[in-house]
Amino acid sequence: MEKIKFGPDGKEAVEFYILEQTMLGGVTYLLVTEEEDGDSDALILKDLSSQEDTEGLYEIVSDERELSAVAEIFEDLLEDVTFITEEE
């Protein structure tokens, strides 16, 4: 499984495993987790990079409508993945 390192501005870098990648409306999304195996928290990251950028620029998807749409795609792609929101 591919591992990627994210370095938030002014913070220590964090490594995530990329579980899956998809595109929706021309935007790339990554499903990432800190654990390689087993149940764990996951994040959906949205690629904000432009073609001129030398490094990727990602943000955590927080808009509920966008999050729901992308999560549904990832659930279809990965049969053994189910998303549980914090409200549930």
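## Working through the sheet, the helix and the cores

Strand S4 (residues 42-47) and S5 run antiparallel and are joined by 3 bridges. Keep in mind that this is a predicted model. Now grab the structure and try these.

**Exercise 1.** Find the residue that stands opposite aspartate 47, then work out the strand order of the open sheet.

*Solution.* Start at aspartate 47: across from it, in S5, stands tyrosine 58. Next, zoom out to the open sheet, where 5 strands follow the order S1-S2-S3-S4-S5 with antiparallel pairing. Its edges are strand S1 (3-6) and strand S5 (58-60), each of which pairs on one side only. Ignoring direction, neighbouring strands of the sheet are turned by 45° against each other on average.

**Exercise 2.** Decide: is threonine 28 buried or exposed?

*Solution.* First, locate threonine 28 in strand S3 (residues 27-33). Then check its relative accessibility, which is 17%. The cut-off for buried is under 20%, so threonine 28 counts as buried at 17%. Finally, look at who touches it: setting aside neighbours within four places in sequence, threonine 28 contacts Gln21, Thr22, Met23, Leu45, Lys46 and Asp47.

**Exercise 3.** Which strands does helix H1 lie across, and how many residues does H1 give to the largest nonpolar core?

*Solution.* Helix H1 (residues 64-77) lies across strand S2 (14-24), S3 and S4, at about 95° to S2. Now for the largest nonpolar core: it has 9 residues, including Tyr29, Ile44, Val70 and Phe74. S3 and H1 each supply at least two residues of this core, and H1 gives the largest share, 3 residues. There's also a second, separate core of 6 residues, among them Phe6, Phe16, Leu30 and Leu45.

Technical notes
Residues are numbered from 1 along each chain as its sequence is written. This is a predicted model: local features need pLDDT of at least 70, side-chain atom pairs count only at pLDDT 80 or more; totals for chains, interfaces and linings use all residues. Side-chain values use heavy atoms; hydrogens and water are left out. Helices (H or I, at least four residues) and strands (E, at least two) are DSSP runs, numbered from the N terminus. Buried means under 20% relative accessible area, exposed over 50%, partly exposed in between (1.4 Å probe, protein chains only). Contact means heavy atoms within 4.5 Å. Two strands pair if DSSP finds at least two bridges between them. Axes are lines fitted to C-alpha atoms, for helices over the stretch in contact, and angles run from 0 to 180 degrees between N-to-C directions. A nonpolar core is a set of buried Ala, Val, Leu, Ile, Met, Phe, Trp, Tyr and Cys residues joined through side-chain atoms within 4.5 Å.
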